[in-house]
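Subject: A structure for you to explore

Hi there,

Here is the structure I promised to pass on to you. Have a look around it first, and then read my notes below.

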Amino acid sequence: MCIRDRIKRGADETPDYEFVVSGFSWFDSSWAYTGNAHFWGKKARRILDNYVLATPLRFGNCGRGIQYLDEHWRALEHGHLLEERPAELTLPVANPTKNMVLSLEIAPHTKNGNPVNSTVTIFINGEDMGAFDVAGKQKIEVAVPFNPLWQQATMPSLEENSTPLWDWSPTPPPISRAVVVVRMELAGESAPLELLSLQIEPVL
């Protein structure tokens, strides 16, 4: 079970950051940032942590990848649902390399257990990486196009410099300029897809 809570910073100009808590609240590992920042009663999406290569991200109500999703995903218990409207993930990569592969674990979403098929087109930073037929739970791997401007984009990560939550700074680390935007679009009458996990790995 997940419980939503906010870390309140005290200063009026500083937003309240929303977390989900699964497990004992005194363990930092039980807290996952949702990507929601609350300003004077309004909510905005804000990424606080750079993505570190080879770090697996899980999705769903308690997933640690929630902060990277836009508002077009629907949360389920163990994944996030891609429906008729295209949806995106935005990953500022802390330590980009020239050769990277994106791995997505996805599955068609069914309510009655009957087999269904889906076709999803994946774009990375606007570049069409192809359409993929999905008949069951599977992993899709695509190469991440490298932008030469990312060469000097190595940045710190909040997780690499983690501190106890009560000492956590309201000022996040600088967000990397090496941003990988993954856009997913369903074709035609495709069944909705569940995004279960994601990872970007360097290729040696």
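Before we start, one cut-off will help: a residue counts as buried when its relative accessible area is under 20%, as exposed when that area is over 50%, and as partly exposed in between. Please also keep in mind that this is a predicted model.

Let me use that cut-off straight away on a charged residue. Is Glu105 buried or exposed? Its relative accessibility is 11%, so Glu105 counts as buried. Glu105 forms a salt bridge with Lys137, and their closest N and O atoms are 3.4 Å apart. The two come from distant parts of the chain: Glu105 sits in strand 9, while Lys137 lies in the loop between strand 11 and strand 12, 32 residues apart. Lys137 has a relative accessible area of 60%, so this partner is exposed. Arg58 joins in as well, since Arg58, Glu105 and Lys137 are linked in a network of salt bridges.

How many salt bridges does the structure hold? There are five. Another one is between Glu88 and Arg183, whose side chains meet at 3.3 Å, N to O. This pair also links distant parts of the chain, with Glu88 in strand 8 and Arg183 in strand 13, 95 residues apart. Glu88 is partly exposed at 25%, and Arg183 is partly exposed at 29%. You can also find Glu83 bridged to Arg74, with the closest N and O atoms 3.2 Å apart. Here Glu83 is partly exposed at 25% relative accessibility, and Arg74 is partly exposed at 38%.

Now for the nonpolar side of things. The largest nonpolar core has 33 residues, and among those that touch the most other members are Leu89, Leu102, Ile106 and Val120. Several strands each supply at least two residues of this core, including strand 8 (87-92), strand 9 (100-108) and strand 13 (179-186). To get a feel for the packing, try clicking on Leu102: leaving out residues up to four places away in sequence, Leu102 touches Ile124, Ile140, Val182 and Leu198, among others. There is also a second, separate core of five residues, which includes Tyr17, Phe19, Tyr33 and Leu48.

Next, look at strand 10, where you will find Ile122. Ile122 has a relative accessible area of 0%, so it is buried. Beyond its neighbours within four places in sequence, Ile122 is in contact with residues including Leu104, Met129, Phe132, Val182 and Arg183. The C-alpha atoms of Ile122 and Pro86 are separated by 10.0 Å, and these two residues are 36 apart along the chain.

Which way do strand 10 and strand 11 run relative to each other, parallel or antiparallel? They run antiparallel, and six bridges join them. One example is Ile124, whose bridge partner in strand 11 is Glu127. The two strands form a hairpin with two residues between them, and Asn125 in the turn has a positive phi of about 50 degrees.

Finally, the aromatic rings. The structure holds one aromatic pair. The rings of Phe146 and Trp150 have centres 5.7 Å apart and planes at 85 degrees, so the pair is edge-to-face. Phe146 is partly exposed at 23% relative accessibility, whereas Trp150 is buried at 6%.

Enjoy exploring, and write back with any questions!

Best wishes

Methods: Residues are numbered from 1 along each chain as its sequence is written. This is a predicted model: local features need pLDDT of at least 70, side-chain atom pairs count only at pLDDT 80 or more; totals for chains, interfaces and linings use all residues. Side-chain values use heavy atoms; hydrogens and water are left out. A nonpolar core is a set of buried Ala, Val, Leu, Ile, Met, Phe, Trp, Tyr and Cys residues joined through side-chain atoms within 4.5 Å. Buried means under 20% relative accessible area, exposed over 50%, partly exposed in between (1.4 Å probe, protein chains only). Helices (H or I, at least four residues) and strands (E, at least two) are DSSP runs, numbered from the N terminus. Contact means heavy atoms within 4.5 Å. Rings of Phe, Tyr and Trp (its six-membered ring) pair if their centres lie within 6.5 Å; planes under 30 degrees apart count as stacked, over 60 as edge-to-face and the rest as tilted. Two strands pair if DSSP finds at least two bridges between them. A salt bridge is a side-chain nitrogen of Lys or Arg within 4 Å of a carboxyl oxygen of Asp or Glu.
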